[in-house]
Amino acid sequence: MKEHIFNGFVDNICKHTRITREEFFKPNQNSEIVLARHTLFYLCHQRGITTAMIKLYMENNGSSLNRSPITHGISVIESKIKEDADLQVVIDKLSILD
């Protein structure tokens with residue numbers, strides 16, 4: 001139901017980080033890509049998209065993961081925002097959908 005919001009966030013994050021959608025959804029432990037995914041999880045969470053729905057949308061894009069990386073990613077971004085106010089500015093920009 002909210003997959004268009006999920007995809008909009010993915011597009012915004014990929015554009016901002018210059019990561020391709022293919023790279024974004026590939027199983028990869030590159031810190032930049034992991035941070036981008038965590039940002040996606042946080043943005044979705046802020047828009048009321050459940051962890052189960054995030055998991056489903058990730059699977060729809062070929063990225064299979066369980067719930068714990070999603071909840072962990074949300075927590076990571078929440079902590080980073082507390083440490084770095086500039087991150088909130090970036091999050092605010094990424095949350096705007098066309």
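**Exercise 1. Determine the burial class of cysteine 14 and its disulfide state.**

Cysteine 14 has a relative accessible area of 8% and is therefore buried (buried: under 20% relative accessible area; exposed: over 50%; partly exposed: in between; 1.4 Å probe, protein chains only). The structure is a predicted model, in which local features need pLDDT of at least 70, side-chain atom pairs count only at pLDDT 80 or more, and totals for chains, interfaces and linings use all residues. Residues are numbered from 1 along each chain as its sequence is written, and side-chain values use heavy atoms, with hydrogens and water left out.

A disulfide requires a pair of cysteine sulfur atoms within 2.5 Å. By this rule the count is 0 disulfides. For cysteine 14, the nearest cysteine sulfur belongs to cysteine 44, 12 Å away. Cysteine 44 is itself buried, at 0% relative accessible area.

**Exercise 2. Classify the ring pair of phenylalanine 6 and tyrosine 57.**

Rings of Phe, Tyr and Trp (its six-membered ring) pair if their centres lie within 6.5 Å; planes under 30 degrees apart count as stacked, over 60 as edge-to-face and the rest as tilted. The count is 3 aromatic pairs. For phenylalanine 6 and tyrosine 57, the centres are 5.3 Å apart and the planes stand at 55 degrees, so the pair is tilted. The pair joins helix 1 (residues 3-17) to helix 4 (residues 51-60), its members being 51 residues apart.

**Exercise 3. Classify the ring pair of phenylalanine 24 and phenylalanine 25.**

The centres of phenylalanine 24 and phenylalanine 25 are 5.0 Å apart and their planes meet at 75 degrees, so this pair is edge-to-face. Both residues are buried. Ring pairs link Phe6, Phe24, Phe25 and Tyr57 into a cluster.

How values were computed
Helix = DSSP H or I, 4+ residues; strand = E, 2+ residues; numbered from the N terminus.
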